Amino acid sequence: MEINWVSVVCPWKAFQLHVLPLLFLLVLLRCSSPCQCVVDLDPDDKALLLAFKSRVQDPSQSLSSWVGTNCTSWSGLTCENRTGRVVSINLTNMNLSGKVLPKLCKLSFLEDMNLSHNNFTCPIPLCFGNLVSLKAIDLSHNRFLGVVPDTLMRLRNLKELVLNGNRDLRGLVPGWLGNFSTNLEKLDLASNSFCGEIPESLLYLKPLKYLDLGNNNLSGNLRDFGQSLLVLNLGSNQFSGTLPCLSASAQSLNILNMANNSIVGGIPTCVASLQALTHLNLSFNHLKYAISPRLVFSENLLVLDLSNNDLLGPLPHKIAETTDKSGLVLLDLSHNQFSGEIPLRITELKSLQALFLSHNLLTGEIPARIGNLTYLQVIDLSHNLLSELDALDSLKILDLSNNMISGEIPLTLAGCKSLEFVDFSSNNLSGTLNDAITKWSNIRFLSLAQNKFNGNLPNWLFTFEEIQTVDLSGNKFSGLIADGNFNISVKFNKRDIDRMSREPFVAMPNLHVRVSVVVTGSSQSSFDYHLSSTVGIDLSNNLLHGEIPQGLFALQGLEYLNLSHNFLDGTVPGLEKMSGLKALDLSHNSLSGQVPGNVSSLKDLTLLNMSYNSFSGFVPKKQGYWRFPGAFAGNPDLCVETPSGRCETESIPMVPGKSFHDGVVEGPISVWVFCLSFFVSFYFGIVALFCSARTRNYILHMKV
């Protein structure tokens, strides 16, 4: 699962005014604010700006308002109301490109320059060092290249320097950054190509509050910082050593991200002294040992991610202070070596919305009281040794795959009416499908693969409007596949043209679940997730018999269909309506008659397997099946015309091929998806058929 959690910290509280004083204030502001009154643009500044405009590519005509003399009508400009001199230029996200001309450096009264989110391609102009009145400069998310020019050290009034998102900015982080300005509060050099160590001068720059050096190629041992930081992001670099205590920031630090480095050792208990901390991300490091029971975070903590380390021992008995004011929203301890039972104290985290404990060694029952977490929307307990589950009212995502859960699906889960993603695959569940599932009216993804379910497939299985993927493979379902009810799902019946062009089918399509937790202020938060999955149905490796329903082959949006390794018989319906089909596996059944008509119109069809059936007759070249050599192996009465005009009979001995469920690949949110790929050898008479793989993609990216 790919998890993106975005924090928006809003420390300023609203204040109230009486109506009349407010109106009076608005009148005063209208007359005093430089952006509300008519201000004539200084002629010299106007000439400089027009020269800049003339050499910039502006396909969106964002600078078309740069006409006349009224400064307030020029997009992105703010002028001093008495002199008309330009004091601020904000051209963010205007789709501008080209080079930044030195003319811009002659705006001598400029205090604020924002050229972010454009496509400027050039080195940072040396002459920017002449803008000595600058207090803030933002060149982020462009294509500036080279090194940071030393001329910027002349900007002694600078409070904010933001250069992130320029991948071709490289070299060492300049040593003068820590002492050129006694006012610098924000330094953002993230997502560039800087290398080397953090300059020692940055460790002691007292005014610094916001430091983001994430996603570069920086290295060296982590060192402590001597100032009161609010935000520190060193994630996605090559830092080593142990975690510093950051004691100088004990009362101030809100966000700490050191994910995706090479940090070793344990988590020191002094980290708990960071009383203002709201976001802590230490994932994807080499942290070891058990977590001390004395490491208890303050009630201010909202997001805690310690995933993908080598932490062991029991889960912490108490993660954070559980007071009425506590608001932990996301807890990720997955991909470690935690053992023992899930502590009951986790069920006291009343604000929890996302819980990830997958890929550990947890045992015992899932605490029934976890159902009391009324805001919990994502729970991933997959790849453990857990044995029981219960109802969770507000849940949207539930992954309990690869555990030891047995028995039937509890009827109590019928109360989980918000469920959209359910993965119970690779457990010991049994019995028939009960009506609890019918209550999941919003279900989009359902996998019960590799269990011991039996009985007939219920008629309501495909009646969910939002269903996108159904995987019941590797069970003991019997009976017929009931016709009808296939026309209800929007995804099954409507082909997404944009998606088809964006996401070409591969042998093992990935499932992506991107979770976003947006936190505003102290405790208010919103939750969302995006599911990207192949649209498909997998009923393979069961005991199904009878004919394939006509309605199943009329689904325009279906991308894969796997009915292999059953006892299906009769003829195969035509494929021409399945315009979105990318993979089809009907192998190892008892299907007979003519091969269905022309597949040359199915441009997206990549993988096809109809081997080991009883098809007969002649398949002409014009039908397009020649694109899939070996697709009809094990059908001795079938003749397939080759591009050269010959007729080849693929009479390979009728021996069982491999099920695509023979292969397993692990991942955080798991799903059995199939691949159709095989190699036919006429010399050795061996056929390798479908392999299926459970695929996971976990990226955690924190934006600060």
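**Exercise 1. Find the handedness of the link between C105 and C127 in this predicted model, then place its two ends.**

Solution.
Step 1. Take the torsion. About the S-S bond of C105 and C127 it is 50 degrees, and the link is right-handed.
Step 2. Check the bond itself. The disulfide joins C105 to C127, with 1.9 Å from S to S.
Step 3. Locate the ends. C105 sits in the loop between β5 (97-98) and β6 (112-114), and C127 in the loop between β7 (119-120) and β8, so the disulfide ties together parts that lie 22 residues apart in sequence.
Step 4. Look at exposure. The cut-off for buried is under 20% relative accessible area. C105 has 7%, so C105 is buried. C127 has 16%, so C127 counts as buried too.

**Exercise 2. Decide whether C122 is bonded or unbonded to the closest cysteine sulfur.**

Solution.
Step 1. Find the neighbour. The closest cysteine sulfur to that of C122 belongs to C127.
Step 2. Read the distance. It is 9.9 Å.
Step 3. Apply the cut-off. A disulfide needs sulfur atoms within 2.5 Å. The sulfur of C122 is therefore too far from that of C127 for a bond.
Step 4. Add the exposure. C122 has 6% relative accessibility, so C122 counts as buried. Another cysteine, C416, is buried with a relative accessible area of 0%.

**Exercise 3. State how many disulfides the structure holds, and describe the links C71 to C79 and C245 to C270.**

Solution.
Step 1. Give the count. The structure holds three disulfides.
Step 2. Take C71 and C79. Their sulfur atoms are 1.9 Å apart and form a disulfide. The torsion about this S-S bond is about 85 degrees, so the disulfide of C71 and C79 is right-handed. Both C71 and C79 are buried.
Step 3. Take C245 and C270. Their sulfur atoms are 2.0 Å apart, and they too form a disulfide. The torsion is -85 degrees, and the link of C245 and C270 is left-handed.
Step 4. Place this second pair. C245 is in the loop between β17 (238-241) and β18 (255-257), while C270 is in the loop between β19 (262-263) and β20 (279-281). The pair links distant parts of the chain, 25 residues apart.
Step 5. Check C245. Its relative accessible area is 29%, so C245 is partly exposed.

**Exercise 4. Compare the settings of H141 and S426, two residues with positive phi.**

Solution.
Step 1. Recall the background. Most residues other than glycine have a negative phi.
Step 2. Read the angles. H141 has a phi near 55 degrees, positive in a residue other than glycine. S426 has a positive phi of about 55 degrees, and it is not a glycine either.
Step 3. Place them. H141 is in the loop between β8 (136-138) and β9 (145-146). S426 is in the loop between β32 (421-423) and β33 (428-431).
Step 4. Read the exposure. H141 is partly exposed, at 35% relative accessible area. S426 is buried, at 18%.

**Exercise 5. Describe the largest cavity: its volume, its lining and the kinds of residue there.**

Solution.
Step 1. Start with the search. Over the whole structure, six cavities of 30 Å³ or more are found.
Step 2. Give the volume. The largest cavity has about 70 Å³.
Step 3. Name the lining. It is made of L457, P458, N459, L461, F462, I481, A482, D483, G484, N485 and F486.
Step 4. Sort the lining. Of the residues of the largest cavity, seven are nonpolar, three polar and one charged.

Notes: Residues are numbered from 1 along each chain as its sequence is written. This is a predicted model: local features need pLDDT of at least 70, side-chain atom pairs count only at pLDDT 80 or more; totals for chains, interfaces and linings use all residues. Side-chain values use heavy atoms; hydrogens and water are left out. On a 1 Å grid over the protein atoms alone, a cavity is a set of points where a 1.4 Å probe fits but cannot get out, and a pocket is an open set with protein on both sides within 12 Å along at least five of seven lines; lining residues have an atom within 4 Å of a point. Grid points are joined across faces, edges and corners, and a volume is the space filled by probe spheres set on the points. Ala, Val, Leu, Ile, Met, Phe, Trp, Tyr, Cys and Pro count as nonpolar, Asp, Glu, Lys and Arg as charged, and the others, Gly among them, as polar. Helices (H or I, at least four residues) and strands (E, at least two) are DSSP runs, numbered from the N terminus. Buried means under 20% relative accessible area, exposed over 50%, partly exposed in between (1.4 Å probe, protein chains only).
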